[in-house]
Amino acid sequence: MFDEIMRKFEDSPSQQAVIRLLLERGFSVNDEGRVVSGGIEIPNTGIAREIDVDRRVVDATTDAILADDELRRIFQNISAIPSLMDLAPVLNLNVLTVRVGDADQPGIVAEITGMLADRDISIRQTISEDPEFTDEPKLYIITDEPLPGELLNEIRALEFVRKIELE
């Protein structure tokens with residue numbers, strides 16, 4: 001799906017940057033073509049500044065979204081979820097990031113979270129990026145307690161795991 005959306009803007013890398021930001025942040029586009037998070041409007045100048053494009057690029061992108069029925073359905077229904085990842089250092093939480101070879105493979109989240117559950121490690125939050133909306137989806141697992149080294153080795157040894165990072 002992500003590739004399909006990006007193809008619609010293949011002639012404009014600047015508009016692709018706007019699309020990528022909207023998807024990454026879970027920002028919606030309302031009927032007036034304004035970028036919103038819930039009911040809060042995000043100024044197009046702020047979006048443009050964030051990704052270093054002209055404000056008119058954001059305007060053109062939201063116009064294109066509203067003109068395309070499929071894009072309209074996606075961007076009028078997308079929403080953000082709160083994440084503990086940025087708060088982890090402040091709250092003394094641990095973040096395990098897992099990158100896999102094939103994110104479409106079933107059972108990835110179940111396998112890894114099951115390994116934590118088998119060791120009585122409580123999970124505060126999991127975030128699994130959708131392979132349809134990002135180039136390289138990752139699984140984030142936030143825990144209260146540090147993960148033991150042998151568990152990290154076992155996770156890293158799973159055939160579908162390409163790389164792990166611990167923060």
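## A guided tour, starting from a loop

Begin by selecting Asp 130, which sits in the loop that connects strand 5 (123-128) with strand 6 (138-143). Keep in mind as you go that the model on your screen is predicted. With a relative accessible area of 36%, Asp 130 is partly exposed, because that class covers values from 20% to 50%.

Next, add Asp 3, Glu 4, Asp 102, Asp 104 and Glu 132 to your selection, since together with Asp 130 these residues form a negative surface patch. If you then colour the whole protein chain by charge, you should find 17 positive and 34 negative side chains, and the centres of these two sets lie 5 Å apart.

Now move to strand 4, which runs over residues 94-100, and select Thr 97 within it. Is Thr 97 buried or exposed? Its relative accessibility is 2%, so Thr 97 counts as buried, given that the cut-off for this class is under 20%. To see what surrounds Thr 97, leave aside the neighbours within four places in sequence and show its other contacts, which are Lys 138, Leu 139, Tyr 140, Lys 163, Ile 164, Glu 165 and Glu 167.

Finally, zoom out to the whole protein chain, where you can trace 8 helices and 7 strands, and where the C-alpha trace spans about 50 × 30 × 25 Å along its principal axes. Of the 167 residues in the protein chain, 40% are buried. The protein chain exposes about 9,500 Å², and carbon and sulfur atoms supply 46% of that area. Among contacts between residues at least 6 apart in sequence, 65% join residues at least 24 apart.

Technical notes: Residues are numbered from 1 along each chain as its sequence is written. This is a predicted model: local features need pLDDT of at least 70, side-chain atom pairs count only at pLDDT 80 or more; totals for chains, interfaces and linings use all residues. Side-chain values use heavy atoms; hydrogens and water are left out. Patches are made of residues with over 30% relative accessible area and no salt bridge: like charges are joined within 9 Å, nonpolar side chains (Val, Leu, Ile, Met, Phe, Trp, Tyr) within 5 Å. Accessible areas come from the Shrake-Rupley method with a 1.4 Å probe; for residues, only the protein chains shown count as cover. A salt bridge is a side-chain nitrogen of Lys or Arg within 4 Å of a carboxyl oxygen of Asp or Glu. Lys and Arg count as positive and Asp and Glu as negative; His and the chain ends are not counted. The place of a charge is taken as NZ of Lys, CZ of Arg, CG of Asp or CD of Glu. Helices (H or I, at least four residues) and strands (E, at least two) are DSSP runs, numbered from the N terminus. Buried means under 20% relative accessible area, exposed over 50%, partly exposed in between (1.4 Å probe, protein chains only). Contact means heavy atoms within 4.5 Å.
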